[in-house]
Amino acid sequence: VLGIGSPFADDTAGWLVADQLVELGTLQKYITDKQLVILAENRPGLNLLDYLNQDYDHIILVDMVKTNLLETGNLYTLKAQEIIGFSGMLSSHNLGVSPSLALAEALGIKIEHVTFWGIEGERYKPEESISAAMLTAVDKTSELVAKQIIELF
C-alpha cells in the first residue's frame, strides 16, 4: 500500500490512510505467507516507477484527486488501465499517478496488479486545513482498503 500525498490539507489523505492501516495492526494476522508493506510518499512523481518495478503481487495506491465531478470525500476505485484513461483526474503533484502509470506501461513495467483509490478533495494549498469531509472519507477508505487487503491474502 502506498499512500501518496503532500503536507497540505486534503492532499494528506493518502498518508492518513496509510497511517490508519499501520495502526490497525490486525491486518498482519490475515497474512500468512506474504509480506504487507505500507508506505507513505511525498509526491512521488517518477519515483512511483520504482515502486511499480518491485516484485509486489499487488499494489494499492491511495491519493487525493480533484476532478470537480463529485463532492469532497467521494471515492474512486480504479484498476491501472482505468486510471490511465481517467482524463478527468487532476493531481496536485508535479507528475501524478495517471501519467506515471502511462509511462510505466510504455516502458513495459507491469501495472495490471495496481489498484488506485482516489478520494475527491478540494483543499491542497499550504494555507488551507483538511476538510471534515476528507477526514470522514479517510476513515471509510481505510476500512475499504483493509477489506481489500484481507481479500487479497
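Helices (H or I, at least four residues) and strands (E, at least two) are taken here as DSSP runs, counted from the N terminus. Every view below shows a predicted model.

**Figure 1. Val 1, in the segment before β1.** This residue has a relative accessibility of 14% and so counts as buried, the cut-off being under 20%. Leaving aside residues up to four places away in sequence, Val 1 touches Leu 21, Leu 36, Val 37, Ile 38, Leu 39, Ile 60, Val 145 and Ile 149. For a pair to pick out in your viewer, try Val 1 and Val 62: they are 61 residues apart along the chain, and their C-alpha atoms are separated by 7.6 Å.

**Figure 2. Ile 60, a buried residue in strand β3.** Its relative accessibility is 3%. Val 1 appears again here as one of the contacts of Ile 60. The other residues that Ile 60 touches, not counting those up to four places away in sequence, are Leu 2, Thr 115, Trp 117, Val 145, Gln 148, Ile 149 and Leu 152. Between Ile 60 and Gly 3 the C-alpha to C-alpha separation is 8.4 Å, with their positions 57 residues apart in sequence.

**Figure 3. Helix α1 (13-24) and its two faces.** With twelve residues, α1 reaches 17 Å from its first C-alpha to its last, close to the 16 Å expected at 1.5 Å a residue. Ala 13, Gly 14, Val 17, Ala 18 and Leu 21 are the buried residues to look for. They lie on the same side of α1 because they cover an arc of only 140° around the axis. An α-helix has 3.6 residues a turn, so residues three or four places apart point the same way. From the buried side, α1 packs against β1, β2, β3, β5 and α5 (132-152). Turned away from that side is the face with the exposed residues Val 22 and Glu 23. Gly 25 follows α1 and has a positive phi, near 65°.

**Figure 4. Helix α4 (97-106) and the residue just after it, Leu 107.** In α4 the buried residues are Val 97, Ser 98, Ser 100, Leu 101 and Ala 104. Their arc around the axis is only 165°, which means that they sit on the same side of α4. What do these buried residues pack against? Their partners are β1 (2-5), α2 (48-52), β3 (59-65), α3 (80-84) and β5. Beyond the helix, Leu 107 is found in the loop that leads from α4 to β5 (114-120). Just after α4, Gly 108 takes a positive phi of about 85°.

**Figure 5. A nonpolar patch on the surface, made by Leu 46, Leu 103 and Leu 107.** The area of this patch is about 270 Å². Leu 107 has a relative accessible area of 55% and is therefore exposed, the cut-off being over 50%.

**Figure 6. Leu 48, in helix α2.** Is this leucine buried or exposed? It is buried, with a relative accessible area of 1%. Residues up to four places away in sequence aside, Leu 48 touches Leu 2, Leu 61, Val 97 and Ser 100. Val 97 and Ser 100 are among the buried residues of α4. Leu 48 and Ala 102 are 54 residues apart along the chain, and their C-alpha atoms are separated by 11 Å.

**Figure 7. Helix α5 and its buried residues.** The helix has 21 residues and reaches 30 Å from its first C-alpha to its last, close to the 30 Å expected at 1.5 Å a residue. Met 134, Ala 137, Val 138, Thr 141, Ser 142, Val 145, Ala 146, Gln 148 and Ile 149 are buried. They pack against α1, β3, β4 (75-79) and β5. Among them, Val 145 and Ile 149 are also contacts of Val 1.

**Figure 8. Ala 9 and Arg 43, two residues with positive phi.** Most residues other than glycine have a negative phi, and this pair is worth a look if you check backbone angles. Ala 9, in the loop between β1 and α1, has phi near 50°. Arg 43, in the loop between β2 (39-42) and α2, has phi near 45°. Ala 9 is buried, at 7% relative accessibility, whereas Arg 43 is partly exposed, at 35%.

Methods:
Residues are numbered from 1 along each chain as its sequence is written. This is a predicted model: local features need pLDDT of at least 70, side-chain atom pairs count only at pLDDT 80 or more; totals for chains, interfaces and linings use all residues. Side-chain values use heavy atoms; hydrogens and water are left out. Patches are made of residues with over 30% relative accessible area and no salt bridge: like charges are joined within 9 Å, nonpolar side chains (Val, Leu, Ile, Met, Phe, Trp, Tyr) within 5 Å. Accessible areas come from the Shrake-Rupley method with a 1.4 Å probe; for residues, only the protein chains shown count as cover. A salt bridge is a side-chain nitrogen of Lys or Arg within 4 Å of a carboxyl oxygen of Asp or Glu. Buried means under 20% relative accessible area, exposed over 50%, partly exposed in between (1.4 Å probe, protein chains only). The arc is that of the directions from the helix axis to the C-beta atoms. Contact means heavy atoms within 4.5 Å. The expected span of a helix is 1.5 Å times one less than its number of residues.
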